[in-house]
Amino acid sequence: MTKKILIGIAFSPNLKANLFEAIRLADMLNAQLVGVHVGKKTPEKEAKLKQLLDIVPETNSYTTIWQEGNPVNVILNTIHKHQIDLLILGALQRENLYKYYVGSIARKLTRKAPCSVLLMIKPSVKRIPCKHIVVNGLKDDKTQDTIKTAFDVSHSLGCKRITIVEETSQSELNVRVNDDKTLEESTKIKEQIKKRENLRVRSILEEINTKDITVKTQNIFGKRGYSIGHYAKVKRADLLVMNAPTKTGIFDRIFPQDLEYILSELPTDVLIVK
C-alpha cells in the first residue's frame with residue numbers, strides 16, 4: 001500500500017503539470033505527497049510554488065523539502081528519512097533531451113531507490129483518464145508482485161484494461177529457420193512456449209482481484225525490454241509497469257539490462273516496481 005509519495009520539484013515549464021499530476025495520483029492512492037527541491041531556496045521559488053499550490057484542488061496533505069546538495073544523495077536520503085513508498089520523476093521522452101532528473105540521475109535513482117519509481121513523460125494539468133496499462137509478465141521472482149501492483153494501480157485509477165506481456169527471448173527457440181521443416185519446428189516450439197507462459201501467468205492471476213478489468217495476455221518473441229517498450233508504444237498504453245532491475249554491477253554497464261531499453265526512450269509513463 002502506498003502511503004507516502006515523493007516528487008522531485010524542478011522549476012521548469014513542466015512544474016505545474018508535474019505537480020498537479022502528482023497531487024492527483026496521491027489523492028487517488030490516498031497517500032501523503034512530499035515534494036523535494038534540490039537547490040537553493042529563494043523567495044521567488046517559494047512564492048511560485050505557493051502560487052501553484054493555492055490553485056490546486058484540495059489534497060490530503062503536502063509538504064515541501066528544500067535542500068542543497070547532490071540530487072541523487074538528497075533524494076535517496078529523503079526517501080529513507082520519510083519512509084517513501086513511491087518516487088515520481090518528471091522526464092522528457094528521449095534520452096539525449098533529458099534534463100535535471102533524467103538521464104544519468106534517473107538511472108542512478110532507478111537503480112538505488114529502495115522504493116518504486118514512476119517516470120512521467122506526459123504530465124497534464126487536467127486529468128487524462130488512464131485507459132490501458134501494459135505490465136511485464138516475464139518469468140522472474142518479482143513478476144507476481146509487479147502484476148499485482150499493476151492491478152492495484154488500475155483499480156485506483158479506474159483503468160479497465162490491462163495487457164500482460166510475456167517477453168520470450170529468441171534464443172529459447174534454438175532453431176534456425178532455413179526451410180519448411182525448420183519453420184514448422186519453430187512454429188511448434190513457439191506454441192509450446194506460449195502455452196507454458198500463459199499457464200504461468202494464469203496461475204498468478206488466480207490470486208489477484210481482476211474484477212471489472214479486461215485482461216489480455218500477449219506473448220512476444222524478441223529482445224527483452226525493447227519488445228515490451230515497442231508494444232506499449234504501438235498500443236498507445238497510458239502506463240507501462242516493469243520489474244525493477246536486480247543487478248547493479250559492472251556487467252550491467254557493459255551489457256544493458258532489459259530496463260535500459262525502456263529508459264533510453266520512454267514509450268509512455270513507466271512505473272518500476274520494487
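**Close-up views of a predicted protein chain**

Helix H5 gives the most to the lining of the largest pocket, contributing seven residues. Please keep in mind that this is a predicted model.

**View 1. The largest pocket takes up about 890 Å³.** Its lining holds 31 residues, and those closest to the centre are Leu 25, Leu 29, Val 153, Leu 157 and Leu 271. Several elements each supply at least two lining residues: helix H1 (15–28), strand E5 (116–120), helix H5 (143–157) and strand E10 (269–273). What kinds of residues make up the lining of the largest pocket? They divide into 16 nonpolar, four polar and eleven charged.

**View 2. Gln 83 sits in the loop between helix H3 (71–82) and strand E4 (86–90).** Is Gln 83 buried or exposed? Gln 83 counts as exposed because its relative accessibility is 62%, and the cut-off for exposed is over 50%. Setting aside neighbours within four places in sequence, Gln 83 is in contact with Lys 4 and Thr 78. The C-alpha atoms of Gln 83 and Lys 3 are 8.9 Å apart, although the two residues are separated by 80 residues in sequence.

**View 3. Confidence in the protein chain is highest in strand E6 and lowest in helix H8.** Strand E6 (residues 133–136) has a mean pLDDT of 96, while helix H8 (residues 250–254) has a mean of 45. Over residues 250–256 the pLDDT is below 50, and this stretch has four contacts in the model beyond near neighbours in sequence. Residues 95–102 also stay under a pLDDT of 50. For residues 95–102 the model has 25 contacts beyond four places in sequence. As a backdrop to these stretches, the protein chain averages a pLDDT of 83, and 85% of the residues score at least 70.

**View 4. The protein chain is built with nine helices and ten strands.** How much of the chain is buried? Buried residues account for 49% of its 274 residues. Looking at contacts between residues at least 6 apart in sequence, 82% join residues at least 24 apart. On the outside, the protein chain exposes about 14,900 Å², and carbon and sulfur atoms supply 49% of that area.

Notes: Residues are numbered from 1 along each chain as its sequence is written. This is a predicted model: local features need pLDDT of at least 70, side-chain atom pairs count only at pLDDT 80 or more; totals for chains, interfaces and linings use all residues. Side-chain values use heavy atoms; hydrogens and water are left out. Helices (H or I, at least four residues) and strands (E, at least two) are DSSP runs, numbered from the N terminus. Buried means under 20% relative accessible area, exposed over 50%, partly exposed in between (1.4 Å probe, protein chains only). Contact means heavy atoms within 4.5 Å. Accessible areas come from the Shrake-Rupley method with a 1.4 Å probe; for residues, only the protein chains shown count as cover. pLDDT is the predictor's confidence in each residue, from 0 to 100. On a 1 Å grid over the protein atoms alone, a cavity is a set of points where a 1.4 Å probe fits but cannot get out, and a pocket is an open set with protein on both sides within 12 Å along at least five of seven lines; lining residues have an atom within 4 Å of a point. Grid points are joined across faces, edges and corners, and a volume is the space filled by probe spheres set on the points. Ala, Val, Leu, Ile, Met, Phe, Trp, Tyr, Cys and Pro count as nonpolar, Asp, Glu, Lys and Arg as charged, and the others, Gly among them, as polar.
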